[in-house]
Amino acid sequence: NVLILDFGSQYTQLIARRVRELNIFCEIKPYNRLPEDLSEYKAVILSGSPFSVRAEDAPHPDLSRIKGKVPLLAVCYGAQYLAHFFGGAVAPSNTREYGRARLSSIDTSDPFFKNIQEETQVWMSHSDTIQELPTGAVRLARTHDVLNAAYKIEGEQTYAIQFHPEVYHTTDGKQLLENFLVRIAGLEQTWTPDAFVEATVAELKEKIGKDKVILGLSGGVDSTVAAVLLHKAIGKQLHCIFVNNGLLRKNEFTEVLDQYEHMGLNVKGVDASARFLNALEGESDPEKKRKIIGGVFIDVFDDEAHKVEDAKWLGQGTIYPDVIESVSATGGPSATIKSHHNVGGLPDFMKLKVVEPLKMLFKDEVRRVGASMDLEPERLGRHPFPGPGLAIRILGDITREKVAILQEVDAIFINGLKEWGLYDQVWQAGAILLPVQSVGVMGDERTYEKCVALRAVESTDGMTADWVNLPYEFLQKTSNDIINKVPGVNRVVYDISSKPPATIEWE
Ligand code: XMP
């Protein structure tokens, strides 16, 4: 196990992902939550930071507990702070030190630089520079502008680099991390999806014993993989609940329910469409729509959970980015199910003990774990779909008629993307029903009908997104199909806005 001590860099999670790509498990902890017991960690990595080590409010943890005791790799701010803490000097730099640079004068006799050539490209992003190395340090490499680009402490497994090995632009970054973790710290590369499944199933068996677990399935990747893991561990003691809120995609409820049953899951499909749609009647405000849906979901789920006698656990598909404590965060980790209506206290199911088998995984790892358990690629590659579903894609108030129209439009668009081989190139796609009517002609008649927008974006995590340059031929065919086949729609537009400043959803 590797500990990544986070000083607040935007790249910290990227370090973790690179380490895990080497099949080595790692955890991120904020610098001010250094675990009491470091004996379980075979190596520590110090991250970068937006701070200057010279700033008073910068992260200044006591490194003497780590340095010389555990193999240590200090990156960027980490490298500067290591120097600052142990007798070196860090000062503002007078040359630009941002972007690509080339390493030279590399000490290739050191195992850290095994298989690395002179002039290898690295990525720099810092404004301070290490003027004097800390006590006992020797330089291992420089760049044109940065004298102390890499150093180590003699007689220790302590290394420091001014550049970022985790970013793509550092060509040999992964090799450097491997050199440090495997050659120097002696870690084994055994953390694979199969090993994760085996260890997690054993752990879940031990933890849950003969108890019953309730889990809400959404059709999404996370809840599905969580369910399959739990099912492997405890079989029919896992009670899954799949709620139809009436705002899913066309046929999604029956098709996905079928798939779940096919996978052998003990799943109950609950069609609560009417309850949701009735509660939403006349409501146009996006946030109120979300609250209503969240509230009804909790009520429906609570009713169903009560039908499972003696349940002790609530399973959740929480993943690592939901629980990583970040340095800048003001509060604690986020809760997966937020209580929208806890005026009368928490609903009973929220008092159950929580089991979250994916809590330590990134999204791409969830997919790989799913694949190693033979989940269908179709389920694992599914686009994200928001919890409130089509409710936030019908601008304004929601009626059954509008839901039915949007389901048809969305199905034509999504099936088209699949048929044209475009679905997997897109991160998320969907259709939006606009509160706009416009004039058209159909045969000899003038029409005055609805307008839909199509949206397809590329993204990695939904935080930023670019609209996708879909082929005109595809858009043309899709638009014709929609207007010809969906009564009530006479106009189709394509959303060409990126996030930011636009969001992915329109509400
Ligand atoms: P935005 O619209 O904020 O969307 O750019 C980013 C991602 O979040 C999804 N999204 C939601 N998911 N409940 C959800 O479960 C919501 O209320 C919600 N709003 C947006 C959106 O689909 C996209 O993937």
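Visitor: What distance separates the centres of domain 1 and domain 2?
Guide: This is a predicted model: local features need pLDDT of at least 70, side-chain atom pairs count only at pLDDT 80 or more, and totals for chains, interfaces and linings use all residues. Residues are numbered from 1 along each chain as its sequence is written. The chain is assigned domain 1 (2-184), domain 2 (193-380) and domain 3 (399-494), with bounds from an automatic or database domain assignment. Taken over C-alpha atoms, the centres of domain 1 and domain 2 are separated by 39 Å.

Visitor: Which element gives the most residues to the side of domain 1 that touches domain 2?
Guide: Nine residues of domain 1 are in contact with six of domain 2; contact means that C-beta atoms, placed from the backbone, lie within 7 Å. Helix H1 (12-21) and strand E2 (26-30) each give two or more residues to this side of domain 1. Helices (H or I, at least four residues) and strands (E, at least two) are DSSP runs, numbered from the N terminus. The most, three residues, come from H1.

Visitor: What is the strand order of the open sheet of seven strands?
Guide: Its pairing is mixed, where two strands pair if DSSP finds at least two bridges between them. The edge strands, E2 and E9 (137-141), each pair on one side only. Inside that order, E1 (residues 2-6) and E3 (residues 43-46) run parallel over four bridges. The order is E2-E1-E3-E4-E11-E10-E9.

Visitor: What angle does helix H2 make with strand E4?
Guide: H2 (residues 77-85) packs on the sheet and touches E3, E4 (72-75) and E11 (158-161). Axes are lines fitted to C-alpha atoms, for helices over the stretch in contact, and angles run from 0 to 180 degrees between N-to-C directions. The angle with E4 is about 110 degrees.

Visitor: Why is one side of strand E14 and of strand E16 left without a neighbour in the sheet?
Guide: The open sheet has five strands in the order E14-E13-E12-E15-E16, with parallel pairing. E14 (267-271) and E16 (353-355) lack a neighbour on one side because they stand at the edges, each with a single partner strand.

Visitor: Which residue in E15 stands opposite isoleucine 214?
Guide: Strand E12 (residues 212-217) runs parallel to E15 (residues 311-315), joined by four bridges. Helix H5 (residues 221-234) lies across E12, E13 (238-244) and E15, at about 160 degrees to E12. The residue opposite isoleucine 214 is leucine 314.

Visitor: How many residues around the ligand are charged?
Guide: The shell includes Arg290, Pro384, Gln428, Lys499 and Glu505; a residue is near if its C-beta atom, placed from the backbone, lies within 6 Å. Ala, Val, Leu, Ile, Met, Phe, Trp, Tyr, Cys and Pro count as nonpolar, Asp, Glu, Lys and Arg as charged, and the others, Gly among them, as polar. The shell has five nonpolar and four polar residues, and its charged residues number three.

Visitor: Which residue does a cis peptide bond join to proline 501?
Guide: Proline 501 is in the segment after strand E20. The bond has an omega of about 10 degrees, and its other partner is proline 500.

Visitor: Over which residues does pLDDT stay under 50?
Guide: pLDDT is the predictor's confidence in each residue, from 0 to 100. The chain averages 94, and 96% of the residues score at least 70. The stretch under 50 has 15 contacts beyond four places in sequence, and covers residues 329-343.

Definitions and conventions. Contact = placed C-beta atoms within 7 Å.
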